[in-house]
Amino acid sequence: LYRRLRSHPCAGARMSKERIELDADSKALVERMASEPTRACLNASDTGTGKTVQAVELSRQIGAQTILVVGPVRKTDVANWKDTFEAQGVELPFSRVDSTPAGAEAFASLKRGTPGIYHVGREYLGLSHRDGVYAWAKVKPDLAVIDEVQFATNPKAHRTKGLFQLRNAKYRLALSATPQGNKFVGLWSVCRFLWWYAKDDRGQPLIDTSFRRWCYIWTTPKVSYSKDKDGNVQEHVEWTNEKHPGSFVAQLPCAVAATADFKVPVDVVEVKLDLPKEQREVYDSLEEKSVALIGDEPLTAPVALTLLLRLRQVTLGLPDIDPDTGDLSFKVGRPSVKLQALRRVLEQECPDEKVLVFTSSRLFADMAADEIKTWGIGARAYTGTLSQTDRYSNIQAFLDDDSVRVLAASIPSIAEGTDGLQRVCRTEVWLDEDLNGMLVEQAQGRLNRRGQKADKIKRYVFHALDTEDEGHFTQLMERSRAARKELLK
């Protein structure tokens, strides 16, 4: 059964001690999950529709006493889970499973079946399984909730292998607006975990045990050939889109989704910029030769992915290169046409508003926050270079301090799970986009979600002319929306 349901009116509330009352549609969604005989469900509700509270209400309905939550470990994410359980009246102790002595004791309690809510980071789940620190296969919680399950779309990754060890949980729930990640075939490992023991009408595994065989059944393979250095023919198979869009999810025992009917229109302003002479010369040389000189230091891109990343960095600004290590950095005061355009937005078009700034580069985001401060505008960074404590402090300052008008964020750091920004901000600026379209789509949901008070979102998208910027944003969005459209058929 696959259902589209509207979200409840209080979805996305963060750090609230007040109980969230579900509307009729959300109650129906939770009841559907609770009644599923296979004791597993894929919840692909849209961004901002309240998947957290849906999971908590499921735990209440099935009477779960041992609950394991696997997901991001940012302080805001962990606090959101803890507070939602408390708000909904689940009176169980909350603890973290990690590498600390307290984390080891939490794992031992979970293994013994001691009632409680246990949270483990997805990265640590994989590492602890790989290194044999914790025997996850012996853990059998009443409910295993896998938040942002798209982390497990690679069958060979340690995180996915660690997740497979949790297949003995009495109920398995996977949460994500984009469970397939960037490709349809990402659904195999997610659904293999959920319905590991399920059989079809012929007594065969519902989810084929062979990834390759499953791909041949559900996707159209694109086969190409090449020769190795010895002249031997090599076959290359690329798994493309689903043969019949929507047919795989339609045959799953339980896949549900709440749609975000509350989302407001988005006014997109595309700002086209010419790179200054020095930036243009570096960009063109890098694009043509995969190497460019910045001062006396070479900027190199030996492989294709590195080249894409370097080209994107150069559209942001000219980096400095450490002559000893080759490490890149961005310095305050260096010319950047995108920062100049951002300053115009902050000072002329949105002089009294809070603004959320996105970039793919954590180095540039850190520098941009410092640069913005020199303009007399309060700013904070939110990137992976900061500690969790500093990230939490910076996002709270953006939410609570009127003098902090700008949050400069790296897309991978802020795309998942971050809530509350929509209550104070309606304007976002994209200095560039991440190569991962799934992260771009999730980042777009930071402001356009339940609790947004404005009647529309204003989105500035900066494009450097004649660069990889042009058209990339549109392509990413079309690809991501097409994937979700197929999923929801």
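Reader: Quick one first: what counts as buried, in relative accessible area?
Author: Buried means under 20% relative accessible area. Keep in mind that this is a predicted model.

Reader: OK, then strand 5: which residues are on one side and which on the other?
Author: G116, Y118 and V120 sit on one side of strand 5, with I117, H119 and G121 on the other. Every one of these residues is buried, so both faces are covered.

Reader: Why call strand 5 largely enclosed?
Author: Because six of the six residues in strand 5 (residues 116-121) are buried, the rest of the structure largely encloses it.

Reader: Why two sets of residues like that?
Author: In a regular strand, side chains alternate between the two faces of the sheet.

Reader: And what pairs with strand 5 in the parallel sense over six bridges?
Author: That's strand 3 (residues 66-71). Strand 4 (residues 94-97) also pairs with strand 5 in the parallel sense, over four bridges. H119 turns up in both pairings: it is the bridge partner of V69 and also of R96.

Reader: Switching to the open sheet of six strands. What's the order?
Author: The order is 11-20-19-16-18-17, with parallel pairing. Strand 11 (266-273) and strand 17 (378-382) are the edge strands, each pairing on one side only. On average, neighbouring strands in this sheet are turned by 20° against each other, ignoring direction.

Reader: Which helix packs on the sheet?
Author: Helix 14 (residues 388-400) does, touching strand 16, strand 17 and strand 18 (404-410). The direction of helix 14 makes about 140° with that of strand 18.

Reader: How many bridges between strand 16 and strand 19?
Author: Four bridges, in the parallel sense, between strand 16 (residues 355-359) and strand 19 (residues 427-430). One position to look at is F358, which stands opposite W430 in strand 19.

Reader: What's the loop residue between strand 16 and helix 13?
Author: S361 is found in that loop, with helix 13 covering 362-374. S361 has a relative accessible area of 7%, so it is buried.

Reader: Which backbone nitrogen lies 3.0 Å from a polar atom of the S361 side chain?
Author: The one of F364. The backbone nitrogen of L363 lies 3.4 Å from a polar atom of the S361 side chain as well. Leaving aside neighbours within four places in sequence, S361 is in contact with L316, F330 and S410.

Reader: Cool. Now helix 10 and helix 11: at what angle do the axes cross?
Author: Roughly 170°, with the axes of helix 10 (residues 277-289) and helix 11 (residues 304-316) coming within 9 Å. That makes helix 10 roughly antiparallel to helix 11, because angles over 145 degrees count that way.

Reader: Which residues meet there?
Author: From helix 10 you have Q279, V282, Y283, L286 and E287, and they meet L307, R310, L311, V314, T315 and L316 in helix 11. The contact divides into seven nonpolar, two polar and two charged residues.

Reader: What about D320, what's joined to that side chain by a polar contact?
Author: The side chain of R334, at 2.5 Å. D320 lies in strand 14 (residues 320-321). At 18% relative accessibility D320 counts as buried, since that is under 20%. Setting aside neighbours within four places in sequence, D320 is in contact with D327, L328, S329, K331 and R334.

Reader: Any odd backbone angles? Where does D466 sit, for example?
Author: D466 lies in the loop between strand 20 (457-464) and helix 17 (472-487). D466 has a positive phi of about 55° although it is not a glycine. Most residues other than glycine have a negative phi. R39 is another case, with a positive phi of about 60°, and it isn't a glycine either. The loop holding R39 runs between helix 1 (24-34) and strand 2 (40-43).

Reader: Is D466 buried or exposed?
Author: D466 counts as exposed, at 59% relative accessibility. R39 is partly exposed, with a relative accessible area of 29%.

Reader: Last one: how many residues of helix 16 are buried?
Author: Eight of its eight residues, so helix 16 (residues 437-444) is mostly covered. Among them are M438, L439 and V440, and E441 and Q442 are buried too.

Notes. Residues are numbered from 1 along each chain as its sequence is written. This is a predicted model: local features need pLDDT of at least 70, side-chain atom pairs count only at pLDDT 80 or more; totals for chains, interfaces and linings use all residues. Side-chain values use heavy atoms; hydrogens and water are left out. Two strands pair if DSSP finds at least two bridges between them. Helices (H or I, at least four residues) and strands (E, at least two) are DSSP runs, numbered from the N terminus. Axes are lines fitted to C-alpha atoms, for helices over the stretch in contact, and angles run from 0 to 180 degrees between N-to-C directions. Contact means heavy atoms within 4.5 Å. Angles under 35 degrees count as roughly parallel, over 145 as roughly antiparallel, 65 to 115 as roughly perpendicular and the rest as oblique. Ala, Val, Leu, Ile, Met, Phe, Trp, Tyr, Cys and Pro count as nonpolar, Asp, Glu, Lys and Arg as charged, and the others, Gly among them, as polar. Buried means under 20% relative accessible area, exposed over 50%, partly exposed in between (1.4 Å probe, protein chains only). A polar contact is a pair of N or O atoms within 3.5 Å; within protein, one must be able to donate a hydrogen and the other to accept it, and residues adjacent in sequence count only if both atoms are side-chain atoms.
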